[in-house]
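Visitor: I'm new to this one. Could you show me how to read it?

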Amino acid sequence: MSLDLLAMLLVFGLLIVGAGLHKRNMERIYTKMVALSSKDVSKKDLYEELSAPQGSNFNAFALTAWILLSIAVAYFYFLTPRISLEFNYLQIAPLAKSPIGLVTFAAVVAFVTTVAIVSLDLPKVYSFYEMPKRLKAAIMSTVPVLGVSITCSTYMATVYPPEFSTTFISALGFVTLFGSVAILLSPIYIRAMGVTK
Amino acid sequence: MIPCVVGIGGCGGKVLKEFLRNQDVTIRGKSLGEHLSFCGIKGVWLDSATMDAQKENFYGRLEDGSYPGYLIPPEVIKDNSKIFDYVADNYGYDLKSAGFDRRAEYLKAVFEIFETDEKLKDIARDEYQGEDNPIQAYIWKRGIRPYTILSLVSNDAKEGASSALKAQRSLAEEPEGMTRGDEASKIGEVETLPSSSEKSEGAQSKVRAKNPLKMLEGLSSLVPKKTNNGTNGSNNNGSAQGLKLCDSILFIASLGGGTGTGFINPVTSYVRSEQPNFPAFVLGVLTEKGTDDRGTHEGQRDLGAVIAMYDLLTKRVGRGVDGLILVDNEILLRTFEKNYPAINRAIFDIMKPFIELRNYPDVGNQGDSLAMKRVFLEGLKLPPVLVPCYCSQKRAEGSEGDLVKKALYGQDGGLKLFDCDPKRADMAYVFTRGFVHTDKVRRAVHDHTGLPDNEKRIMVYRKIGDHGSDEMLILLRNPYGEDPEAYKKEGTFENRVYGIVDKGLKYLDEKENDIILAGMPDDTKIALGTYFYGESWLDKMLKELDGSETNKRRKKFKKKLTKAKSDLESEEVQPPTLLGELEKSKSRLEMGNTPAFLDELNIFTRDKVVSATRELDMAQAYNNGESSLTEKEIRDIVKSEIDKMIAAGSIKEM
Amino acid sequence: MKACKGLCTLILMIFLSSVTIVGGVPGPAGGGGGGDGSDNKHGGSSSKLTLKKFVNYLEDWEDEKEFDRMKELLWKEPWTKETYIPPAVWFYCSYPNDTISRSDELDIGAYIQDDHNPIDIRRVVHLYLEVQDPGEEEFRTVASQKIQVDEYDQKYNNTQRLFPEVRSFDYLDRVGDVKLRIRATDGVSVWDSTNRRDNPKSGRYGERVLTVYNNPAKINSTTMNIEPDLARWDEYIIYTFDLADKDQDDVDVTLHVYRNNSVEKSGKEGLENETARNCTANGDALFCISRTFPAKREESTFSFNVEGSEIFDKEDAGKNFSYKFSCNDSMNTTWSEMGYGPQLKEIAAITVEPNDVIPEDENCYWWGRYSFSLKVCSLNPEGEDVTVTLFTKTENGSAKQCGKSLTDHVTRGNVTTFAFKDLKPFDVTDRNKTFGYYFTYDVPDQKGDYKTELKRGESAINPKALEHPMLSLVTISNLVLIGLISLLVGILMERKLFRGGR
């Protein structure tokens, strides 16, 4: 398996595991609540009680971060033929030769992500987790970090085919991407580790 | 419950800051949305020292549209105000003093003047468009009311008394099964009261029957302007659509501090005039021992603390606050090694279970403010003392007993914030955040307090908390009494209160000249003298003035003193004095009687208050079949009841 | 009699003396060679055999029972010539079938049995293989052999001799029955095998009749090829085919060329009825050429070189033709399937010469501009109106027209350049690929074609993918826009939809 494919699996693995852990967290809380309650507890009511607003700034930046994350993933893996020779940005001639091709590509990805975010009600997910301000600040700070990842991926595309000297840039792009995913999902992982205790 | 937290003075402001700390991450102080505080609580800081307030970066001027904001109540008094002149001339009090007089009775006196002086009221109405108590009105209408559900009231005076009756009935019934929102809207509906909910003194504010918002606008110089300091300004106008509004008030003040608690009772009375049942609680931080950082003598602070506690705890149910949560700063300083930011943070953390909004889904509207008020006051005529005991620990199975024990005894990370013996409490209110079993909690509390293991005496309010830890706040109601020796024992409530009463008395005794200042007008001196000391002070003054008939002023003063003495002597029942009441408190503590403080004291209208002591005596005599009531006593009792009914809106004064 | 006796004795003595020279004669006592030379009667010690000793031996052996046998061996009674009988002769052939092709191999020989004549009186027998070819009445001798007197098997008194000269009937030029027999003579008598009784099991025949058939030569139609398929009317065309003949005859192969009057693609129908031109061998074809090829048993490739044959003339330019082969191995004629070709090009109207492509940037980026040109000259005095179109092609891709077609009037003697300037023929997907280009035109060129050959670019297209580098206004603007759009969407979603989570 190539290193790039492995890296992609790591990122998507983290996301999928995070989703699974979130579901598990909710289930565990529900189970505990049912055990402690004298009446029937509906999940809807519980989740309604459980959620606490995290603030407009945080939400806005978190949403921005997730949009940028999807763009960063798309850029890192599909801007150049890193994973697939056929399915990559450089194969879409109208985009690749257009001066606004990069932003168009990003806009499409952003649109799809926005739809997903609205469907999944992402801020609601965060509202279930108690987050100290430092953690919120860390999550918000993934916005510029993801910007670094996107910039690295763009650089890789501009110099494509890659040379040895671009290995560092590629690694930086991945590290910032992976780190951002980890930070964005950290409330879920922290809660999962806490609840299991 | 969503309290509007009112921080009073320096201590109140600092603690309030923790409550109002923005949960959101701001960027250079800017925020896209509203200021987001814990559980959406709102708050305002009241201070009297403008310089102190301006130093605080966290708060901005509420008048400028900042939120969180501070109010300097004296600012409502205009520079060329007639009432300012009137009060200064007649009572010797400076209403626009830049830093409040640190005398404990100052604010009490000032607000009493506004309550009792009809001429001053007329002047105030003329000057402040119908408002006879501008400072109170300003604090309430500008600083607090906009954040409460009362701001949703349509205030259509034509609704009439019928709606008022409905309001009273529905509030009293507190139907179960209502959601928070329903409760709020219900209160909002019934708040179509006209101002028939006037004060117990019978003063009918006809103008108040009109639209309060119009009255607010009348204070035109104080209408807020929207600013661009990072908020959308909607917080400055709490009646904005869709905001979570507060359904109660939580005052935070230091007992014995400078600005002090003098605001609390007047504001609460003002609230009661609009909504008699609107819950109001106090978190009082008792001053520490020794000299404080500002160099104020312990005796002075203790006197101030005692006066503050006294005033809060002697205002009858329905007229004063609904509970005093006592915190001893001495314990906090010792626990946190004088780390004031940590202390402030700790107070907030301790109160989190109390104000947490996220209930267990199966308990419905357990923690709404009216319900809390009802349970706090159950079986009482006077507001209770509530001692907070707190503990937080990592979540573990079967930790309920542990939490209770640590909290009640203040061990191993637990905090008991005022000395007391848990076994003396007559009720316990347990607020938890986390995953706990009600039965286990109740059983543990029963084990350590001796209270019956049932939901009538041990109430458990479970809320959803942080992940990984369980928190518990136990409020012990009136944890003292029935032990005559308790006042001698370290670590008891009696001992601590006895100590400050004793020191207060000593200060009263030693520092008379600091309490009753020489430059005051005679009437004020006499009022203060009789308030603090009673007839003995009059005698003392008369004695000092012997031989000074040639001095016109002293002669005039002597005449007034003589008159006052004769008025006193003509009273069938001697009005209580502070000195006397404090001595009685000591006696009660020594005998193990409750409550510690009994009779409400006024400075300028002392004869109007029905002595609670007398009530007790009469009740006892009646039970024993020993004596009958005098005519005057009967008249006073009937009048008192009528006043209560008028205050409740059951009847309307013609 | 005496002479024979004496001769035998002489031979014996010579033999014995040679034995003596070698190592002496081992006597009964077992002595070896090198004896002491004493005349011991029974000795073995004397190495030299004398006549006296020999006689003594003979006298000693007289009573032995093998003595008569020895005598018989040493002496044969002479036979008189009046008792000689010629040996019996058969024709020998082990081939199992009665039919045989011309190229099948078989063993043919003679078998002789001489029971009557002892070796002493036997005579040398001369054997002759006689064959009667198909259609012939007389036998003819095709091979001979000689049997010496001592070549008979001593036990069975027979012998067999093959005729290696005759291994098959490939020499025959006709098919039919072939008779074979053996004629013998010993110098005195002449006889043959005709009347002998056949013994097929052992392959002996008095006279054998074999029916010989022919394997015709065949051309494998699938191997028929014509090069070039598209040719000028005066061009050198080669027809190749694979030919096989089991009989390995020299085969006369005739090429028959036909003109396709029909424009149908299959064009197979009715061609055989087309009239030929200049064809003497076959009146149906347009043209016939015959060559003789030495066919082998396995298929071998042969070619027809029609150079100089002038199959086509100018009038044939632009027409299509087809062809067939016929094979004749002098006994049978076979035909191949119809082959198609050549297609003759039109007669050139212009001459063309494509120029090298000129890239705008020597790095040959895909987004760069390239200029192509074609030099054209008319061959007609009146000149030609020519429309030229440029096509480009990258590896593994299909040809794409590049730019618009150009039309101009070209004259004889002047070179007209059709220039396709500053075109962008490539796409981002063409990066790192080699490319070629060609021109098409609406009149035939010097080769009779309507397009040039694919001319390859000197170098591959640069593999660089994005036109704008990282530190360029375009790229930086894109990145900034991405950030701004994301932030804007995030803020809008928050303000309009989520509102802090309330």
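Here is a short walk through chain A, its contact with chain B, and a sheet in chain C.

Guide: This is a predicted model, where local features need pLDDT of at least 70, side-chain atom pairs count only at pLDDT 80 or more, and totals for chains, interfaces and linings use all residues. Residues are numbered from 1 along each chain as its sequence is written, with chains lettered from A and ligands numbered from 1 in the order in which they are written.

Visitor: How many helices and strands does chain A have?

Guide: Helices (H or I, at least four residues) and strands (E, at least two) are DSSP runs, numbered from the N terminus. Chain A has 9 helices and 0 strands.

Visitor: How many residues does each chain bring to the contact?

Guide: Two residues touch if their C-beta atoms, placed from the backbone, lie within 7 Å. Here chain A gives 29 residues and chain B gives 20 residues. On the chain A side, the elements giving two or more residues are helices H1 (3-36), H2 (43-50), H3 (56-78), H7 (133-158) and H9 (186-195) of chain A.

Visitor: And the sheet in chain C: in what order do the strands come?

Guide: Strands of a sheet pair through backbone hydrogen bonds, either parallel or antiparallel. Two strands count as paired if DSSP finds at least two bridges between them. In chain C, 4 strands form an open sheet, E6-E3-E1-E9, with antiparallel pairing. Strands E6 (158-162) and E9 (204-205) of chain C each have a single partner strand, so one side of each lacks a neighbour in the sheet.

Visitor: Which residue stands opposite C:Phe91?

Guide: That's C:Tyr205, in E9(C). Strand E1 (residues 88-93) of chain C and E9(C) run antiparallel, joined by 2 bridges.
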